[in-house]
Amino acid sequence: MNKELTPREIEQISAYLDGEISQKEKARLEARLRVEPDLRRGLHELGETRSMLRSLPRKRAPRNFTLTP
């Protein structure tokens, strides 16, 4: 069964990948990852997406987009 992840689950996975969750939240998420294949799939997909985006060359904006008063 391929269950759609909730926005909260995606947010948790993103914070997990960024190392921005508490040890308690990390342990809870890792326990779920061991038993929930859909959550593992989401972790893998988000990790792959991050890797692809980070591999793109960085580009500078052609000009300053801030507004002056």
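The exercises below work through helix packing, burial and contacts in a predicted model.

**Exercise 1. Determine how α1 and α2 are arranged, and which residues form their contact.**

Step 1. Locate the helices: α1 covers residues 7–18 and α2 covers residues 23–35.

Step 2. Take the geometry. The two helices pack at an angle of about 115°, and their axes are 11 Å apart. Angles from 65 to 115 degrees count as roughly perpendicular, so α1 is roughly perpendicular to α2. The crossing of α1 past α2 is left-handed.

Step 3. List the contact. From α1 come Arg8, Glu9, Gln12, Ile13 and Tyr16, and from α2 come Glu25, Lys26, Leu29, Glu30, Arg32 and Leu33. Sorted by class, this contact holds 6 charged, 4 nonpolar and 1 polar residues.

**Exercise 2. Repeat the analysis for α2 and α3.**

Step 1. Helix α3 spans residues 37–55. It packs against α2 at an angle of about 110°, with the axes 6 Å apart.

Step 2. This angle makes α2 and α3 roughly perpendicular to each other. Their crossing is left-handed.

Step 3. On the α2 side the contact has Leu29, Arg32, Leu33, Arg34 and Val35; on the α3 side it has Pro37, Leu39, Arg40 and Leu43. The class count is 6 nonpolar, 3 charged and no polar residues.

**Exercise 3. Classify the packing of α1 and α3, and give the handedness of the crossing.**

Step 1. The angle is about 55° and the axes are 10 Å apart.

Step 2. The roughly perpendicular range is 65 to 115 degrees, and roughly parallel needs an angle under 35. The pair α1 and α3 is therefore oblique.

Step 3. α1 passes α3 in a right-handed crossing.

Step 4. The α1 residues in this contact are Glu9, Ile10, Ile13, Ser14, Tyr16, Leu17 and Asp18. They meet Leu39, Gly42, Leu43, Leu46, Gly47, Arg50 and Arg54 of α3. By class there are 7 nonpolar, 4 charged and 3 polar residues.

**Exercise 4. Identify the largest nonpolar core, then examine leucine 33 and leucine 5 within it.**

Step 1. The core has 7 residues: Leu5, Ile13, Ala15, Ile21, Leu29, Leu33 and Leu39. At least two of them come from α1, and at least two from α2. As background, nonpolar side chains tend to be buried together in soluble globular proteins.

Step 2. Leucine 33 belongs to helix α2. Its relative accessible area is 8%, and buried means under 20%, so leucine 33 is buried.

Step 3. Beyond its neighbours within four places in sequence, leucine 33 is in contact with Tyr16, Leu39, Arg40 and Leu43. Of these, Leu43 is 10 residues away in sequence, with a C-alpha to C-alpha distance of 8.5 Å.

Step 4. Leucine 5 touches Ile10, Ile13, Asp38, Leu39 and Gly42, again not counting residues up to four places away in sequence.

**Exercise 5. Decide for lysine 26 and arginine 50: buried, partly exposed or exposed?**

Step 1. Lysine 26 lies in α2. Its relative accessible area of 31% makes lysine 26 partly exposed.

Step 2. Outside the four nearest places in sequence, lysine 26 is in contact with Tyr16 and Ile21. The C-alpha atoms of lysine 26 and tyrosine 16 are 6.8 Å apart, with their positions 10 residues apart in sequence.

Step 3. Arginine 50 is in α3. At a relative accessible area of 18%, arginine 50 is buried, because the cut-off is under 20%.

Step 4. Arginine 50 touches Ser14, Leu17 and Asp18, leaving out residues up to four places away in sequence.

**Exercise 6. Place glycine 19 and glutamate 20, and state their exposure.**

Step 1. Glycine 19 is found in the loop between α1 and α2. Glutamate 20 also has its place in the loop between α1 and α2.

Step 2. Exposed means over 50% relative accessible area. Glycine 19, at 60%, therefore counts as exposed. Glutamate 20, at 60%, counts as exposed as well.

Step 3. Add two C-alpha distances. Glycine 19 and asparagine 2 are 17 residues apart in sequence and 26 Å apart in space. Glutamate 20 and leucine 39 are 19 residues apart along the chain and separated by 18 Å.

Notes. Residues numbered from 1 in each chain as written. Predicted model: local features only at pLDDT ≥ 70, side-chain atom pairs only at ≥ 80, totals over all residues. Heavy atoms only, no water. Axes fitted to C-alpha atoms, helices over the stretch in contact; angles between N-to-C directions. Helix = DSSP H or I, 4+ residues; strand = E, 2+ residues; numbered from the N terminus. Parallel < 35°, antiparallel > 145°, perpendicular 65-115°, else oblique. Left-handed = near helix turned anticlockwise from the far one by under 90°. Contact = heavy atoms within 4.5 Å. Nonpolar A, V, L, I, M, F, W, Y, C, P; charged D, E, K, R; others polar. Buried < 20%, exposed > 50% of the residue type's maximum accessible area, 1.4 Å probe, protein only. Core = buried A, V, L, I, M, F, W, Y, C linked by side-chain atoms within 4.5 Å.
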